[in-house]
Structures are given as C-alpha cells and as structure tokens.
There are 2 protein chains.
Amino acid sequence: MSAPVWSVDPRTGKQREQVAVEATTDEVDRVVSAAHAARGALADRTVRAALLRTAAALLDSARDVLVEAADAETALGPARLTGELARTTYQLRSFAEVVDEGGFLDIRIDHADPAQTPPWPDLRRHKVPLGVVAVYAASNFPLAFSVPGGDTASALAAGCPVVVKAHPDHPATSELAAATLRRAAERVGLPTEVIGVVHGFDAGLDLVRHPLVAAAGFTGSIRGGRALFDAAAARPVPIPFHGELGSLNPVVVTEAAAAERAEQIGAGLAGSMTLGAGQFCTKPGLVLAPAGETGDRLVTALTDAVSNTDPGVLLDHRMRDAFLAGILERAELPEVKAPVTPGAGSEHTVSAGFLTVPARLLAEEGPHDVLLEECFGPVTVVARYDGDADITAVLGRLPGNLTATVQISAAEAEAEDGRAGALLAELTPLAGRVLVNGWPTGVAVAPAQHHGGPYPATTSTSTSVGGTAVERWLRPVTYQDTPAALLPPELREDNPLGLPRRVDGVQERGSADPTG
Amino acid sequence: MSAPVWSVDPRTGKQREQVAVEATTDEVDRVVSAAHAARGALADRTVRAALLRTAAALLDSARDVLVEAADAETALGPARLTGELARTTYQLRSFAEVVDEGGFLDIRIDHADPAQTPPWPDLRRHKVPLGVVAVYAASNFPLAFSVPGGDTASALAAGCPVVVKAHPDHPATSELAAATLRRAAERVGLPTEVIGVVHGFDAGLDLVRHPLVAAAGFTGSIRGGRALFDAAAARPVPIPFHGELGSLNPVVVTEAAAAERAEQIGAGLAGSMTLGAGQFCTKPGLVLAPAGETGDRLVTALTDAVSNTDPGVLLDHRMRDAFLAGILERAELPEVKAPVTPGAGSEHTVSAGFLTVPARLLAEEGPHDVLLEECFGPVTVVARYDGDADITAVLGRLPGNLTATVQISAAEAEAEDGRAGALLAELTPLAGRVLVNGWPTGVAVAPAQHHGGPYPATTSTSTSVGGTAVERWLRPVTYQDTPAALLPPELREDNPLGLPRRVDGVQERGSADPTG
C-alpha cells in the first residue's frame, strides 16, 4: 500500500484532501522511462517554444483555480500568489524566446584549415539536451520554483523531458499545474509523458538515482539538497546536480549610510525580512550595523517597523516548529538580545522579530556560529560592529550566499577608491548577486540576472533564474568532417534555421536577433 | 622524511635522477595558500595575456632541453614531443587571444526598467575566477596535458592561480616546465606563486581536499579520476571537478564502407590505434566491422599493417604490466581470437595487436564485458556484426566516450535519410565528438573543438581542449543598482575595456572582435 499524499491547510494544520499516493520505486521507474522514451519529441525547437507559450497561456487561464489551491495549501495569500503566477508564465514565455533566438546552442563552426600544423578538420559544435531532468520543487514558491517553475521551463527549453518531485507543502497545486502542463503538451502535439510528477520522500531519492535521469535541479534546504547532491555524485554514472540550498544574504550598513538614513534603512530591512513571512531564500539574515548611536537609530527604526508586523502563517507546521526552535537556540546565547522577540503568534502563526549581537562574537569559531546559519522565517540578526576590522572578520567567516548587500551613503557612492569599493570587493567572493542600497528579496527575471552563488547557496556555478539557466541542461557535441547531408540542420553551412553562430571565430547574428 | 621522487627511464626501467620529494600535507597547504594569496595579481586581463604569451615564448626557447627531458622520461620520441610542445605553446597563445577578446566574461547588462511588473533594477553580470585550480597532469602528454598544458593555460586565462599535481611518469619535465612558467610570471611582474607544483599520490588527495582549492581539472584513469571526483564531492564545500577519465572511442564500419575500401580502413585503423603506442585517450578501442567477406578483407589489411608495427615502449612499467595483464584476460575469453597477438616485445617494450570477437557476445551482460573497457596501449577489439541489430545492441551497452566514429561509403555520405544518418543519431548520445570517415586520434586545438563526453569520458559537461575550456574556472556575479564609480570596469556603461557584451538583449561587438 502506497502512503497517501494529503493537502494540508497551514492556517489550521488540518488535512484538506488526499491528492495522490507516494510513488513506489516501480512507479518512479515507469514515469522516468516514459519521459525518456518521449524525449525525441522535444528535438524540434519550434515545438518546444510552442509548448512553453501554450503552457503559459493555459496557466494564465487557470489563474483563479491555481491561486485558490495554492493559497489553501500555503497561506501565501492571493495577492502574492497572483504575482507569482504572473512571474511563472512570464518565465515560460521568456524561455520560449530563448528557444527562438537559439544563442544557447552556442554554435561554433571552424572550416577545415590545411595551413594548420597538423591540418584542422572541419569542426561544427552545438549543444544537445542531456536527457530526463529531475526537478525538486521548492516549498516557498508553489508555482515559480515548483512544477511549472524555472527549472521545468528551462529544462523543456533545452529539449529535456522533466520529472518533478512535488513538494509535500502543495501537492494539490502541483497536480493542477502538472495537468495544465500536460494539456499544453497535448495541444501542441507532444506526448504528455514529457512532464511527469511524483510524490514522496523516497521517490525523490529513487529519482536522483534512476539511471535514465541525466541531471537534477533542486531548490530547498541545505540538509535535503546535500543528501540529494551526495546521491547524485555517488551514482555509478554521476550526474550534474544544480541545487540552490540556502543563504544568509549578509547586509553591511556603513557608518556613513546609517548616519545619513538609519530610519529608512531600518524600515527597508523590516520590509525585506518580513516579506512573505521571511520565507524567501534571499531574506537578509545577517545585518552588520554600526555599534554606536547611528546603529542605535537603525535598531530603533527596525523595532518600530517589525513590531507593527502582523503575525503570519508559515508554509507548514514543521517549519513553524523549526523556526521557534531556531529562535530559542539563538536567543539564549550570551550577549544576544531580542529587541522584538520573534515567536509563536498564535497556535498556527508566528510573529516577526530580530536579534542583536556584538559582531566580535561572530569573528571566531564559537557557540554564536549558529547565528551564521539561515533561520527560515521572519527573523534577522543585527550584528553591531566596532570598526572595519569587525566587518572583515565576520565576512571572512561566512559561507557562500545568493546575495550580499551594502547600504552606503551618497558620498560613498561617488568615491572610486573609498570604503564602498573596498566593501564590494570583500562581498563579491561571497555571493552571486551584489546589491547597493537595495534589498535582496525580489529576483527580477531578466537576462543579466544571476540567482546562484558559492556553496551552499548553489551546488554548481549556475543560475536558476534568467535565460542562462537553460545552459544547465545541455552538453556540447562536435561533428568532425561530417557530410552536409548528415549534419543536423543547426550546423549546416547555409544555416537553414537562421541561428546565431560563430564561424571561423567571427560572430554571425541569427534571424531572431533584435538587431539582425 | 618525505619520499623521494625519481625520474625513471621507461626504456630501461632504471632510475635516472631524484628530482624532488613528495609533498607533505603541510607543504601542499603552503603551496595552495601562497597561490591563493597571489590570486589578486591575476585580476588584470592584460597581465594574464602577457603571462600566457611569455610562457609560450619561453617554452619554445627551452624546446631542446624540454624535449630531451620528456623523451628520457616517457620514451615518446623527439618528433612527437616537438609536436606536442608546439601544440602546448599554440594553446597558451590561443588562450591569450581568448583573454584579449573577452567574450568568456559573458557580460550582460539590463538597464533598469520601471515598466516591468515588478520594476527591474539595473543588473550587470560578468564572470569572475573561482580561485585556486588544482590540475592533475596526464601520463601520456608530459607537456600538452601536464604542467604547461590546457588545464593550466585555461585556468590562468580565467584568472585562477594553479597548483599542478605532477605525474610520476615525468617529474623532471614537470619541474622544468614549472620553472619556465614561473620565469614567465616573473617577467611580466607576477608573483611566481600563481603557479605551484606538488608531487606524490597523497599530495594529490590533500590538494583536492584543501579548503582554498576552488576547482580541479584531471586527465587520467577512471579509477584515479573517480577517487578524486569522489573526494571533491565529499568535501564540506564541494568543488567542480572536471575530469577526463577514459574512453573506448567506438568505430562503426558500415557494410558499404567495407565493400568500398576495406583495405584503406584497415590501414587507417592500424595507424590510429598504434599511434604513440596506443597511449592516446582517443585511441579507437572497439571497432564494429561486418562479419562477412568485406569484414574479412578489413581484418586482413589490419593484420598486415599491425604486424609491420615496431614494438614500442610504454610510459612506465606499471602500464606495461597492466597492458599485458589486460591482453591475457581478454584473449582467453571464449570465441575471442587474436589475428595479431599483442604482447611483450622485449623486456621493456610491447608489441601491437588486435582481437576479434563476434559482436553478439557483447550484446548482453557477460564475461565479454571486459572488452567494453578501455585497455591502455596498442590494442583494439574488432567486433564482427551480423546486421544492424547487432550494432544497435552493442552501442546500447557502451559507456560514454570522448569520440565516436563512422566509416561510411560515398553513397551513404550523400543520402539524407539513409543508414549513415541513423548511425550518427545512435552515436551522438554516446560521445562528445562524432567523426565521419576519419580517425579520432588527433584533437585539433580549435574554437569549435569539444574534447569531453558523457561519463566516464568526462565527469562534467565541459571540454578540456579549445577556447571554451576557460568556462570551467569561472562563475557569474551580477551587480544590482551599483553606482558607476563602484562598478568593475568590465561592467561600466561606457565600456572602457571595449568588451563584447549583451545590452538589453542586443549583442554588441568588442574592440578585439575580428569584424568589430
């Protein structure tokens, strides 16, 4: 008997309905094998682009039912979920444009050159899809980083079938979204098996170990992601594992910035750390603020703003328990204070808060190291520094991050060789995205975006947001001295598909290039 | 006491001289820490290009002494080694051009767009070096895939200091090359610590486990490479491990090709499999040839050519022992024949040969599976097939490869939907380079080259030859809303370095672009 999969209302902790059953090893094998068998149908770029656009249109049409289901399971609220759906369908359409443009194929052609020693043969390189991609859905984005999310969209864009391990926090939304994606596949004449969904913890392990799974994408906790990463690396044939595991997202507030606008920074920080009940992977979790009067002003402003935040519902009660336990463990450390104590709001909610600690206590290994670990939920740690040496010491002890932020003054922003430049140089090795005078929550889906960072932020050097996310699911193949009749159309001399390519070292524009 | 590192003459098995001592854990730490401390000196692209070009010039000047040392340790012969040095310095100069051109920085700029929902900030992405790269030198290329080889050149091009684990087959050559590279560093004003070398098996493990090592490149055996890959993945902070481990390099000869030119194919195969005493990672190790009369002609031609091959010296006596043991194990299998028995030529040499086997014996798991494993040295296996089903069955059982080759007839080369096209479609998933009517030995250093393939050919989706090899040592960083004064020059609006970049989705040429 397979274990039932229930949809649970986090506002009450009650089961709503049984949505599915956990997939057995055999069931995972069936779904992966079917996806693998269907992979040839995704070879045509035109069909892939149509699939992505049709999926976006059908998801938009299903907005009301998707948002209602997701809200019932996640308590994220209709406004946030409506925005998340828009982001999701925008993402699908963006990847359709990536597919149309074709630059991701990274086509390079070197004609034979008998003048080289030894002579060069004719070489023609492009990129081919890796095969079935396993996607591990995130708890905190039931749409944008789950069944119809960026990993799925980019893998389909690359020509890879997808099998999603649904997140237990939103199985009903996952089933609804999967049915919508499969309907889109049907509409464009693709086998529905190019999109599979499985439920269950063991199914997730079976999936990453399946011989026909060629790569994996993951968004979630360090513990869960590392276990799957280890399983991927331990396979007889290891596979790429692109995991986004966790991030502290440090913020450094300079003395001058605090002097200039402590109140504004305190209020901005409160907004960022409590957004979505602190359940964003980019939540600022550690803020280095000055120890003196300007820092006091910042703490006061933060206290005011956080005190005025309504209690919120976390994604599930396990997270609520972990949040409360994490707060207890941190708050009882020596010299840690809680100007606003985060904690249990009511039986099902939590209230936001923050802790302060002298930065010097984080400068060396010790019991305060737990403050350098992500605590999922509406809490941040303000570490009060006494001079630049404290900042450098703490930054030197941080793990990798998705983001790192500085808050600087107007004068510092103008000075080429000043304190701000030095800080950016210290922060760049720690993160994939560096922000000045902004807040890290909110990740624009744009070509220049990089959502990734040194481990444990990411298990690879890749991004999970933005057009380059498609690169994760491809590998190069070079054809040598291959007759025209046998070449894939992408590599033919006359470029019948109008693709951008680099021929004998010279970049040629494609027909879909905006300036072509 | 550290163990001595001896240079050994494979032509006699005798020790030539003590070159160094094996590095202790402390010594590895010292070398890696010094390389890490020196990394900032490589931030300037102009200096990196100068380093690569100066290294090439100094290596060319040291040709006689390098070739003599390498020949004394490897027995590869002056002609081959002179060619290998030319390839090595060409490679260094090619990467200098890659550095100049700057396309590898993959710069993308999206200007702020308040019309988006939510509004887009200003985002500017480029790539930054990962940090210290560990390079594991290959036995079979004492120059081109060792201390001054492609991994070193591409890592330096990316801005990463390098610590090479020298191969025990050529420690004297390694020390000479390292001294030359360090002299080049000095000439261009760089600290010599940007290039380190360590000797010893344990030092290799210490290196991949060192917290300041940020990535690794490896060329060698499946067993050694997998052990290091596993160590890299098991670190508290896992690092990218780009290993080229082993490859069977299958060749399929169609019935029509054999009918057309069996003698030419047999002679070509003999040349490719015995080149460099069969010690190339691209040696064709499995040849699918027809069972009938045309295949007999091919076997006869191969017999004639291989019989006429002089015995050769392998890189070391451990390899000679492994080769002889591998032949014994294979030759005694049922239905395996040896038209020319490979074996011991004299006390220090081996003689080339080949085995034949009915292809159907490879179609299912069984004792003949050892024939699907690489056997390093001058031997190949000709599997005689009886129809296309045999071919498909054997190809379906192959691990990943660097290369896959078809030999087809003139008529097959012209037919768009014929047998050759179907064969290419079967071979593409198996390899990183697909050849038609050529031989896989010989890897042109060209932009469109791909030297990599599905595991175990490579542990990642990357290449170790060609300009894109530089991508292995970089990660993206995006700056958000960063004032002009604080941006790296690579990302400034006025593009002071004249770099190619994609601005608001439109590709702009750089000043070093050949058509710019």
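About 5600 Å² of area is buried between chain A and chain B, and carbon and sulfur atoms give 58% of it; buried area here is the accessible area (1.4 Å probe) that two parts lose on being put together, summed over both. This is a predicted model, in which local features need pLDDT of at least 70 and side-chain atom pairs count only at pLDDT 80 or more, while totals for chains, interfaces and linings use all residues. Residues are numbered from 1 along each chain as its sequence is written, chains are lettered from A and ligands numbered from 1 in the order in which they are written, and side-chain values use heavy atoms, with hydrogens and water left out.

**The two chains**

The contact between the chains takes 71 residues from chain A and 72 residues from chain B, where contact means heavy atoms within 4.5 Å. Across this interface the rule finds 4 salt bridges, a salt bridge being a side-chain nitrogen of Lys or Arg within 4 Å of a carboxyl oxygen of Asp or Glu. The side chains of Glu416(A) and Arg492(B) form a salt bridge, with 3.7 Å from N to O.

Chain A is superposed on chain B by a rotation of 180° with 0.0 Å of shift along its axis, and the RMSD is 0.0 Å; the superposition is by least squares on the C-alpha atoms of residues with pLDDT of at least 70 in both copies. The two copies are therefore related as by a two-fold rotation axis. Among the residues of chain A, Ala233(A) comes closest to that axis, with its C-alpha at 3.3 Å. The same surface serves both copies, since 100% of the contact residues of chain A recur in chain B.

**Domains of chain A**

The domain assignment, whose bounds come from an automatic or database source, divides chain A into domain 1 (21–97 + 128–245 + 462–473) and domain 2 (250–436). The C-alpha centres of domain 1 and domain 2 of chain A lie 32 Å apart, and 11 residues of domain 1 are in contact with 11 residues of domain 2. Between these two domains of chain A about 860 Å² is buried, of which carbon and sulfur atoms give 58%. Asn140(A), Asp169(A) and Glu244(A) supply 43% of the area that domain 1 of chain A buries against domain 2 of chain A, more than any other three residues. The count of salt bridges between domain 1 and domain 2 of chain A is 0.

**Nonpolar cores**

A nonpolar core is a set of buried Ala, Val, Leu, Ile, Met, Phe, Trp, Tyr and Cys residues joined through side-chain atoms within 4.5 Å, and buried means under 20% relative accessible area, exposed over 50%, and partly exposed in between (1.4 Å probe, protein chains only). The largest such core has 99 residues, and those with the most contacts inside it are Leu52(A), Leu286(B), Leu288(B) and Leu395(B). Helix α2 (residues 45–61) of chain A gives the most to this core, with 7 residues; helices (H or I, at least four residues) and strands (E, at least two) are DSSP runs, numbered from the N terminus. Leaving out residues up to four places away in sequence, Leu288(B) touches several residues, including Val251(B), Ala359(B), Tyr385(B) and Leu395(B). A second, separate core of 90 residues includes Ala38(B), Leu143(B), Tyr479(B) and Leu499(B).

**Backbone features and single residues**

A cis peptide bond joins Tyr455 and Pro456 in chain A, with omega about 5°, and in chain B, with omega about 10°. Pro456(A) lies in the loop between β19 (431–436) and β20 (474–480) of chain A, and Pro456(B) lies in the loop between β19 (431–436) and β20 (474–480) of chain B.

Asp504(A) has a positive phi of about 50° although it is not a glycine, and Glu335(B), also a residue other than glycine, has a positive phi near 65°. The table gives the surroundings of some single residues.

| Residue | Element | Relative accessible area |
|---|---|---|
| Asp504(A) | loop between β21 (501–503) and β22 (506–508) of chain A | 45%, partly exposed |
| Glu335(B) | loop between α11 (317–331) and β13 (337–340) of chain B | 43%, partly exposed |
| Thr274(A) | helix α9 (residues 255–274) of chain A | 15%, buried |
| Asp417(B) | loop between α13 (410–414) and α14 (419–427) of chain B | 79%, exposed |

Apart from its neighbours within four places in sequence, Thr274(A) is in contact with Thr309(A) and Ala352(A). The C-alpha atoms of Asp417(B) and Asp202(B), which are 215 residues apart along the chain, are separated by 54 Å.
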